[in-house]
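Q: I have a structure open beside its sequence, and I would like to learn how to read its features one at a time. Could we go through them slowly together?

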Amino acid sequence: MRMGNGSVYFLLFLFAVMMASSVRAQDMPASGPPEARPQKDWRIFAGLGTIISPEFPGSKSYNVTPIPFGEVRYKGRFFLNPYYGLGARFAKVDFDKDHTLSLSTSLRYSFSNRKESDDPRFAGLGDVDGSVELMLFADYQLGSFNVSLEGAQGLNSSGHGGFSTTLSFEYGQRIFTRYQVQGGPFISFGDQKFVNAFYGVTDAQAAASSFEAYDVGAGFHKMGVKVNVITFIGPKIGVYGLALYSHLLGDAADSPLIETRDELMALAGIAYRF
């Protein structure tokens, strides 16, 4: 297994969701959309983990990547973290103590990319760099259930330059008093520019590579299920683990660039609250 970051940003998202759910139960900091925590103006945490993820979308080869991460929040509204970037919650509605809707926006750098060096077959395709993205996301908490929807628009021409969105449904529960477990399905949509950047082959790329031209239409390109668990060793330290299975859909699943439609990802690490 080689070191790399092809799917690191998506695992950061999953860690964000996992830590967000743990906050509701244990007052740990989260790396997802912020919630109001009036007891402190500043909330800071840092951690270190290891990610196992496909080398590129649809790859049979996997990377093992040690990765540091952290987050800064101010007054439960403004935040800075590796996945959502720099942003703020601009609306929150508390319907009652178990029903909350939050809306946030941010500017982030997405690490999702594909390099010619990822696979000898990709010679002539060119690189798809990471992307500066403008994000809008919503989070609806319904007791132990959570529904989240996020959208991201790529802004730089060297990245994917498209729009993508992910819808997630999750259920969380405490097990054996010490373990917070959360999991559920998700599905991802991409417009034509987004999915073609990672799964398509243009006429120009076909002329410069060994692939034939392949056009990918906008639509749902990935669905899957994830489960995570976090436990605490003291008031400031959390230990976590996460596993995810995903399956490519539609035109992306038939792309000549992929080696498999099925992907597995895993993450484990430790986080410390300051």
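Q: Is Arg 121 buried, partly exposed or exposed?

A: Before the case itself, please keep in mind that this is a predicted model. The general idea is to place a residue's relative accessible area against two cut-offs, with buried meaning under 20% and exposed meaning over 50%. Arg 121 has a relative accessibility of 28%, and it therefore counts as partly exposed. Its salt-bridge partner is Asp 119, with the closest N and O atoms 3.4 Å apart, and Asp 119 is buried because its relative accessible area is 9%.

Q: How many salt bridges does the structure hold, and which residue meets Lys 115 in one of them?

A: A useful way to read such pairs is to take the count, then the partners, and then their places in the chain. The structure holds eight salt bridges, and in one of them the side chain of Lys 115 meets that of Asp 129, at 2.7 Å from N to O. Lys 115 and Asp 129 both lie in the loop between β5 and β6, so the pair ties together parts that are 14 residues apart in sequence. Lys 115 is partly exposed, with a relative accessible area of 25%, and for Asp 129 the value is likewise 25%, which makes Asp 129 partly exposed.

Q: Which residue forms a salt bridge with Lys 222, and are the two buried or exposed?

A: Lys 222 forms a salt bridge with Glu 263, and the closest N and O atoms of the two are 3.5 Å apart. This pair links distant parts of the chain, since Lys 222 sits in strand β10 and Glu 263 in strand β12, 41 residues apart. Both Lys 222 and Glu 263 are buried.

Q: How should I read the pairing of strands, and how many bridges join β10 to β11?

A: One reads the direction of the two strands, the number of bridges, and then a single pair of partners as an anchor for the eye. Strand β10 (residues 219–232) runs antiparallel to strand β11 (residues 237–248), and 11 bridges join them; Met 223, for instance, has His 247 as its bridge partner in β11. The two strands form a hairpin with four residues between them, and Gly 234 in the turn has a positive phi of about 100 degrees. On to the next pairing, β11 and strand β12 (residues 262–273) are also antiparallel, over 11 bridges, with Ile 270 in β12 as the bridge partner of Val 239.

Q: What does β6 pair with, and which way do its side chains point?

A: Here the pairing and the faces of the strand can be read side by side. β5 and β6 run antiparallel and are joined by 12 bridges, with Ser 102 opposite Asp 139 in β6. β6 is also joined to strand β7 (residues 145–154) by 10 bridges, again in the antiparallel sense, and Met 135 has Ala 152 as its bridge partner in β7. β6 and β7 form a hairpin with two residues between them, where Gly 143 in the turn has a positive phi of about 65 degrees. The side chains of β6 alternate: those pointing to one face, including Glu 133, Met 135 and Phe 137, are buried, while those pointing to the other, including Val 132, Leu 134 and Tyr 140, are not.

Q: Which residues make the nonpolar surface patch?

A: The patch covers about 520 Å² and is made by Leu 107, Tyr 109, Phe 111, Val 132, Leu 134 and Leu 155. β5 and β6 each supply at least two of its residues. Tyr 109, which lies in strand β5, counts as partly exposed because its relative accessibility is 42%.

Q: Which residues touch the most other members of the largest nonpolar core?

A: In soluble globular proteins, nonpolar side chains tend to be buried together. In this model the largest nonpolar core has 19 residues, and those touching the most other members are Phe 122, Leu 125, Phe 198, Tyr 199, Val 201, Phe 211 and Leu 257. α2 and α4 each supply at least two residues of this core, and α2 gives the most, with five. Leaving aside neighbours within four places in sequence, the contacts of Phe 211 include Arg 121, Phe 122, Pro 256 and Leu 257. A second, separate core of 13 residues includes Ile 67, Phe 69, Ile 230 and Tyr 240.

Methods:
Residues numbered from 1 in each chain as written. Predicted model: local features only at pLDDT ≥ 70, side-chain atom pairs only at ≥ 80, totals over all residues. Heavy atoms only, no water. Pairing = 2+ DSSP bridges. Core = buried A, V, L, I, M, F, W, Y, C linked by side-chain atoms within 4.5 Å. Buried < 20%, exposed > 50% of the residue type's maximum accessible area, 1.4 Å probe, protein only. Contact = heavy atoms within 4.5 Å. Patch = residues over 30% accessible without salt bridge, like charges linked within 9 Å, V, L, I, M, F, W, Y side chains within 5 Å. Areas by Shrake-Rupley, 256 points an atom, 1.4 Å probe, with all protein chains shown as cover. Salt bridge = Lys/Arg side-chain N within 4 Å of Asp/Glu carboxyl O.
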